[in-house]
Amino acid sequence: MSTEGEPSALIRVIQLFILSTTWGMQIWVTFIAGFVLFRSVSRHTFGLVQSKLFPFYFYTLLGCTFLNLAIFASYHPWELLNTMETVQIIFFFTGLLLAAANAFWFSQVTTKTMFKMQEIEREHGLGNEMGFSGQREAYQLLKEKDAKYRSLRLKFFKFHGLSSLCNVACVICTGVNLACIALHLDSL
C-alpha cells in the first residue's frame, strides 16, 4: 500500500541513514577488512573470521536493503514512477535478491566447503601461512594428489566467485541508489 503524499523529514533521514550505513558497511567489508585480514593472519584464521563475519554482514545487508525498498516503495506507487524512480526500485529489488542469495545459499555453501578443505589442509600441515605466501607448491601438489581436495577446491572457488559477484553487484546497486537519492535530496 502506497503512502499518500511526500515522506516526512524523519522518514527521509531514516532512509538516508539506512542507505549510507549499508554503503559504508559494504565498502568496509568488501574492499578493506578482507584485504587487511588476508595479509595479517593465517589462511585458516582468515577463513574462520570470514565464516563469522559474513553471515552477520549478509543478513544485515538483506535487512537494510529490505527496509530501503519498503520505505521507497511505500512512497512511490508503481504506476506513478518516473524513469529515475524505476531505476531505483529495480536496483533496490536486485540488491535484495542478491543479498538473499548470499545470505541463504552462496555464503553457507562456501563456508561449509572451506571448512572441509581446511581439514584436509591441516592433515598435510598447511593453513598456518599468511595469504598466498610461501607454500603455493604444497597446495598445488595436494590438489594434484587428492581428488577429494581438488573437488572441494573447485566447489569452493565456484561458490566463492558467485558470492563475490553477488556482493559486488550489491555494492553497485547500493551505490546507484545512493547517487540517485543524493541527486534528489529534496525528495525520496
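Me: What is meant by a helix here, and in which helix does Thr 65 lie?
Reply: Helices are DSSP runs of H or I with at least four residues, numbered from the N terminus. The model is a predicted one. Residues 43-75 form one such element, and Thr 65 lies in it: helix α2.

Me: How many helices and how many strands does the protein have?
Reply: Read along the sequence, the protein follows the pattern α-α-α-α-α. The secondary structure therefore comes to five helices and zero strands, as helices and strands are DSSP runs.

Me: Is Thr 65 buried or exposed?
Reply: Buried means under 20% relative accessible area, and exposed means over 50%. Thr 65 has 8% relative accessibility, so this residue counts as buried.

Me: With which residues is Thr 65 in contact, leaving aside its neighbours within four places in sequence?
Reply: Contact means heavy atoms within 4.5 Å. With the neighbours within four places set aside, the contacts of Thr 65 are Phe 92, Gly 95 and Leu 96.

Me: What distance separates the C-alpha atoms of Thr 65 and Pro 7?
Reply: Along the chain, Thr 65 and Pro 7 are 58 residues apart. In space, their C-alpha atoms are separated by 18 Å.

Me: Which residues does UniProt list for "transmembrane region", and how far apart are the end C-alpha atoms of residues 56-75?
Reply: The unreviewed UniProt entry lists residues 12-36, 56-75, 87-107 and 159-185 under this name. The span 56-75 is 100% helix and 0% strand. Its end C-alpha atoms lie apart by 29 Å.

Me: How much of the span 159-185 is helix, and how far apart are its end C-alpha atoms?
Reply: Residues 159-185 are among those that UniProt lists for "transmembrane region" in an unreviewed entry. This span is 93% helix and 0% strand, and its end C-alpha atoms are separated by 38 Å.

Me: Which residues does the annotation "domain: TMEM205-like" cover, and what is their helix content?
Reply: The annotation comes from an unreviewed UniProt entry and covers residues 18-118. The end C-alpha atoms of this stretch are 37 Å apart. Strand accounts for 0% of the stretch, and helix for 91%.

Me: What radius of gyration does the protein have, beside that of a compact globule?
Reply: The C-alpha atoms fill a box of roughly 65 × 30 × 20 Å along the principal axes. A compact globule of 188 residues would have a radius of gyration near 16 Å, but the protein has 20 Å.

Definitions and conventions: Residues numbered from 1 in each chain as written. Predicted model: local features only at pLDDT ≥ 70, side-chain atom pairs only at ≥ 80, totals over all residues. Heavy atoms only, no water. Helix = DSSP H or I, 4+ residues; strand = E, 2+ residues; numbered from the N terminus. Rg over C-alpha atoms; globule rule 2.2 N^0.38 Å. UniProt positions renumbered as here; feature names shortened; annotations may be inferred. Buried < 20%, exposed > 50% of the residue type's maximum accessible area, 1.4 Å probe, protein only.
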